[in-house]
Amino acid sequence: GIECGAERMDLIAALAPLGHAATADCVRAERAVNRLLGGNCSIPLGAYARLESGILRLRALVASPDGRRAARAESFGPAEQAEAIGAEVAERLRERGAVEILAALAA
């Protein structure tokens, strides 16, 4: 990844050709799951998005460190709704036990 300050319009313009819209859509969906579940480097949480023919498919998992408990969820929809798809998957994970798994990690 490349970062620059938001005020550096010259760099933003120069870097624009390096952007890849499909990858950006997938990353937005994956990051939404992570953000909404409070993910960090010590939480066993994974999200993977793929874009095919304009349809974004997102799969995610929250697991206990020993792997005995896991919550899985997936959803799909138009790439333009990447963050909403991520939010939907995060909610499904909550409904399937992710909250309890994450709470046990904090204890």
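Helix α3 runs over residues 82-95 (helices being DSSP runs of H or I with at least four residues, strands runs of E with at least two, all numbered from the N terminus). In this predicted model, its 14 residues reach 20 Å from the first C-alpha to the last, close to the 20 Å expected at 1.5 Å a residue; that expected span is 1.5 Å times one less than the number of residues. Residues are numbered from 1 along each chain as its sequence is written, and side-chain values use heavy atoms, leaving out hydrogens and water. Because the model is predicted, local features need pLDDT of at least 70 and side-chain atom pairs count only at 80 or more, while totals for chains, interfaces and linings use all residues.

Which residues of α3 are buried? They are A82, I85, G86, V89, A90 and L93 (buried: under 20% relative accessible area, with a 1.4 Å probe and protein chains only). These residues sit on the same side of α3, because they cover an arc of only 140° around the axis, taken from the directions from the helix axis to the C-beta atoms. What covers them includes α2, β2, β3 and α4, contact meaning heavy atoms within 4.5 Å. Just after the helix, G97 takes a positive phi of about 105°.

Now for the second largest pocket (on a 1 Å grid over the protein atoms alone, a pocket is an open set of points with protein on both sides within 12 Å along at least five of seven lines, and lining residues have an atom within 4 Å of a point). Y48, R50, E52, I55, R57 and R59 line this pocket, with β1 and β2 each supplying at least two of the lining residues.

Definitions and conventions. On a 1 Å grid over the protein atoms alone, a cavity is a set of points where a 1.4 Å probe fits but cannot get out, and a pocket is an open set with protein on both sides within 12 Å along at least five of seven lines; lining residues have an atom within 4 Å of a point. Buried means under 20% relative accessible area, exposed over 50%, partly exposed in between (1.4 Å probe, protein chains only).
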